[in-house]
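Trainee: Could you take me through one part of this structure closely, rather than giving a survey of the whole? I would like to see how a single strand sits among its neighbours.

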Amino acid sequence: MAEAGEGAGEPLSPGSERRCRERLAAARGLPRGAAAAGAAVLVPLCSVRGRAALLFTLRSRRLRGPHSGHVSFPGGRRDPSDRDAVATALRETREELGLRLEEERVWGQLRTLPDRQGLIVAPVVANLGPLEDLTLTPNPDEVEEVFTLPLAHLLREENQGYTRFRTAAGYGYTLPVFLNGPHRVWGLTAIITELTLELLAPGRYRRKTHVPPKSPSAQPREGSSA
């Protein structure tokens, strides 16, 4: 399993967990699972040799569709048998990584987001604990690689970039990119990573995402990635 960067503070301490759970619960303002999400991902917090980190997967190139070969979090579409977004995220994590995670490990849900196809995705934050204590068995049909990035790495400005999108009408939006790890983190996964950093390390991350009130279809402007 690949790893990059160095350690970060105490974002997984009991006090931080309590603060994050309270913030997530307050932000929801609705019964769990009430959001009309057609898919969910698990945002897997963990520690690697005592250092707080996020766990990512690289989608298998065997998969069909637009996400093949992309960096992602474990997740997928909601199954009719899933009672809510948490159930979807835990089921998909079990299917992709062979990891059966207890629900008490879940801290809460970040705000829902649309993917490029317009599917509403619910990011579910959970703490896996020390990675050394876990046995992961990735499904090769879905996952090509598993890697971690320490929060300290993600919080360093030299590892942060952005892509700016523009249209002929002059509207534009900016999305984050995380660099200098085993793989480039971009797209919806980068936006969820950004929300997670704001949750775990308030005041230490400067948001890159900017979406204007009206956001027509756009293409990335040449040379706009930093």
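Mentor: What follows looks closely at strand E2 and then moves outward to the elements around it.

The model is a predicted one, and its protein chain holds four helices and twelve strands. Of the 226 residues in the chain, 51% count as buried, and among contacts with a separation of 6 or more, 68% join residues 24 or more positions apart.

Against that background, E2 is mostly covered, with ten of its ten residues buried. In a regular strand the side chains alternate between the two faces of the sheet. In E2, Ala-39, Val-41, Val-43, Leu-45 and Ser-47 point one way, while Ala-40, Leu-42, Pro-44, Cys-46 and Val-48 point the other way, and all of these are buried.

The pairing of E2 involves several strands. With E8 the strand runs parallel, joined by eight bridges, and within that pairing Leu-42 stands opposite Val-124. With E5 the sense is antiparallel, over three bridges, and there Ala-40 faces Gly-76. With E3 the arrangement is again antiparallel, this time through four bridges, and Val-48 stands opposite Arg-51.

E2 and E3 also form a hairpin, with two residues between them. Arg-49 belongs to this loop, and its phi is near 50°, a positive value in a residue other than glycine. Its relative accessible area is 60%, so Arg-49 counts as exposed, whereas the residues of E2 are buried on either side of the strand. A comparable entry in the chain is Asn-180, in the loop between E11 and H4, where phi is near 70° and the residue is likewise not glycine; with a relative accessible area of 53%, Asn-180 is exposed.

E2 is also one of the strands against which the buried residues of helix H2 (85–97) pack, and E3, E5 and E8 are included in that list along with E6 and E9. Eleven of the 13 residues of H2 are buried, among them Val-86, Leu-90 and Leu-97. The helix reaches 18 Å from its first C-alpha to its last, close to the 18 Å expected. At its N-terminal end Asp-84 acts as a cap, a side-chain oxygen lying 3.3 Å from the backbone nitrogen of Val-86, and after the helix comes Gly-98, whose phi is positive, near 65°.

The nonpolar interior completes the picture. The largest nonpolar core has 37 residues, of which Leu-54, Phe-56 and Val-125 touch the most other members. E2 supplies at least two residues of this core, as do E3, E8, E9 and E11 and the helices H1, H3 and H4. The largest share, seven residues, comes from H4. Apart from this core lies another, of 23 residues, which includes Ala-53, Leu-55, Ala-122 and Ala-126. Beyond its neighbours within four places in sequence, Phe-56 is in contact with residues including Val-71, Phe-73, Phe-147, Leu-149, Thr-189 and Thr-193.

As for H4, 13 of its 14 residues are buried, so this helix is largely enclosed by the rest of the structure. Its end C-alpha atoms are 20 Å apart, which agrees with the 20 Å that 14 residues should span at 1.5 Å a residue.

How values were computed: Residues are numbered from 1 along each chain as its sequence is written. This is a predicted model: local features need pLDDT of at least 70, side-chain atom pairs count only at pLDDT 80 or more; totals for chains, interfaces and linings use all residues. Side-chain values use heavy atoms; hydrogens and water are left out. The expected span of a helix is 1.5 Å times one less than its number of residues. Buried means under 20% relative accessible area, exposed over 50%, partly exposed in between (1.4 Å probe, protein chains only). Contact means heavy atoms within 4.5 Å. A polar contact is a pair of N or O atoms within 3.5 Å; within protein, one must be able to donate a hydrogen and the other to accept it, and residues adjacent in sequence count only if both atoms are side-chain atoms. A nonpolar core is a set of buried Ala, Val, Leu, Ile, Met, Phe, Trp, Tyr and Cys residues joined through side-chain atoms within 4.5 Å. Two strands pair if DSSP finds at least two bridges between them.
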